[in-house]
Amino acid sequence: MTVFFDLDRTLMDFEIGEDMGIKAVFDTYNDEIKMDYPEFRLKWKETAQKAFDEYSAGLHTFDEQRHLRVKRMFEMNGSILDEKELEKRFQLYWSNYEKGVTLFPDTRGILDNLKNHNIPTGLISNGDPSNQYWKLNKENLKEYFDPIIISGEVGVSKPDLHIFEIALERAAASKESSWYIGDSPVHDIEPALKFGMNVIYLNRKLDGDALICHQEKPAYFEVGSLNKAWKIIEDNRK
């Protein structure tokens, strides 16, 4: 058995950091912004996700998608910014974002349980290597994972099935005995299941004690916390 994880919104909680960054930009440039804060926050998150998805699809570089979210947000509010100003405003966002990025409270527990039971773990994450390794190093997570597969290093992004194939090859694991835990139905669960891996959909909108079995082969569970995900792994380890 090998257990693979997604990183963002599965192990790492960046919502607090994201909100801190958005609020800093809103407060600093409030005189240019025609939206109230709730609308600005919602539009920022939508714009950032769209830019990141375009980056994952190979349409932009990582730095371009960072600037693009700022560019699009201020264009919505009537401001056209040059590259220098885009970088300045993104760095304001980023310096505040960094302060709030942290682990979910249930992350360390499942990783320690897997380590203590000698169950191999791997990571499959979309993103830029420098950014993702920064998160791993910030929380001392690298020691838990072998392999670490980051889309910016291997040249393919989820939901492309090839990234799962790369991970299994490097782990010398079979898909029939492997598990994948992630939070995104589109980028994590559907492709991993299609590839033939057992999956655990982490849906934090559910009650933390929730555990739903959708199918048995390959297994597809939905849980409200990583504590419940560990219970599934524990029950299925051989």
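Analyst: Let's start with a term: a residue lines a pocket if it has an atom within 4 Å of one of the pocket's grid points. Keep in mind that the structure above is a predicted model.

User: Thanks! How many residues line the largest pocket, and which lie nearest its centre?

Analyst: The lining of the largest pocket has 29 residues, and D8, R9, F14, Q49 and F52 are nearest the centre. The space in this pocket comes to about 560 Å³. Two or more lining residues come from each of α2, α3, α4, α6 (129-138) and α9 (185-195). Helix α2 gives the largest share, with six residues.

User: What makes up the lining of the largest pocket by class?

Analyst: There are 12 charged, nine polar and eight nonpolar residues. Asp and Arg count as charged and Phe as nonpolar, so D8 and R9 belong to the charged group and F14 and F52 to the nonpolar one.

User: Which residues line the second largest pocket?

Analyst: R9 is one of them, and others include E15, F104, D183, Y201 and K205. This pocket holds about 320 Å³ of space, and α9 and β7 (198-202) each give at least two residues to its lining. By class, five of its residues are nonpolar, two are polar and five are charged.

User: Why is R9 called partly exposed?

Analyst: Partly exposed is the range between the 20% and 50% cut-offs. R9 has a relative accessible area of 29%, so partly exposed is the right label. R9 sits in the loop between β1 (2-5) and β2, and its phi is positive, about 70°, although R9 is not a glycine.

User: And N118: is it buried or exposed?

Analyst: Exposed! The relative accessibility of N118 is 67%, and exposed means over 50%, so the value clears the cut-off. N118 lies in the loop between α5 (107-116) and β4. Its phi is positive too, near 55°, in a residue other than glycine.

User: How do you know that the span of α2 is close to what is expected?

Analyst: The expected span is 1.5 Å times one less than the number of residues. For the 20 residues of α2 (residues 37-56), that gives an expected 28 Å, and the helix reaches 28 Å from its first C-alpha to its last, so the two agree closely. At the start of α2, a side-chain oxygen of D36 comes to within 3.0 Å of the backbone nitrogen of E39. After the helix comes G58, with a positive phi near 85°.

User: What covers the buried residues of α2?

Analyst: The cover includes α1 (15-28), α3 (62-76), α4 (83-100) and α7 (151-154). Among the buried residues are F40, W44, A48 and E54.

User: What makes the H60 and E54 pair a polar contact?

Analyst: A polar contact needs a pair of N or O atoms within 3.5 Å, one able to donate a hydrogen and the other to accept it. The side chains of H60 and E54 are joined at 2.7 Å, so the distance fits the limit. H60 lies in the loop between α2 and α3. Its relative accessible area is 22%, so it passes the 20% limit for buried and counts as partly exposed.

User: Why is Q132 called buried?

Analyst: Buried means under 20%, and Q132 has a relative accessible area of 1%, so the label follows. Q132 is part of helix α6. Its side chain makes a polar contact of 2.6 Å with the side chain of S125, and reaches the backbone oxygen of N126 at 3.3 Å.

User: What about S151: is it buried or exposed?

Analyst: S151 has a relative accessible area of 4%, which is under 20%, so it is buried. Found in helix α7, S151 reaches the backbone nitrogen of G127 with its side chain at 2.8 Å.

User: Which peptide bond leading to P147 or P159 is cis, and where are these prolines?

Analyst: The bond from D146 to P147 is cis, with omega near 15°, and so is the bond from K158 to P159, with omega near 20°. P147 is in the loop between α6 and β5, while P159 is in the loop between α7 and α8 (162-171).

Notes:
Residues are numbered from 1 along each chain as its sequence is written. This is a predicted model: local features need pLDDT of at least 70, side-chain atom pairs count only at pLDDT 80 or more; totals for chains, interfaces and linings use all residues. Side-chain values use heavy atoms; hydrogens and water are left out. Helices (H or I, at least four residues) and strands (E, at least two) are DSSP runs, numbered from the N terminus. Buried means under 20% relative accessible area, exposed over 50%, partly exposed in between (1.4 Å probe, protein chains only). Contact means heavy atoms within 4.5 Å. On a 1 Å grid over the protein atoms alone, a cavity is a set of points where a 1.4 Å probe fits but cannot get out, and a pocket is an open set with protein on both sides within 12 Å along at least five of seven lines; lining residues have an atom within 4 Å of a point. Grid points are joined across faces, edges and corners, and a volume is the space filled by probe spheres set on the points.
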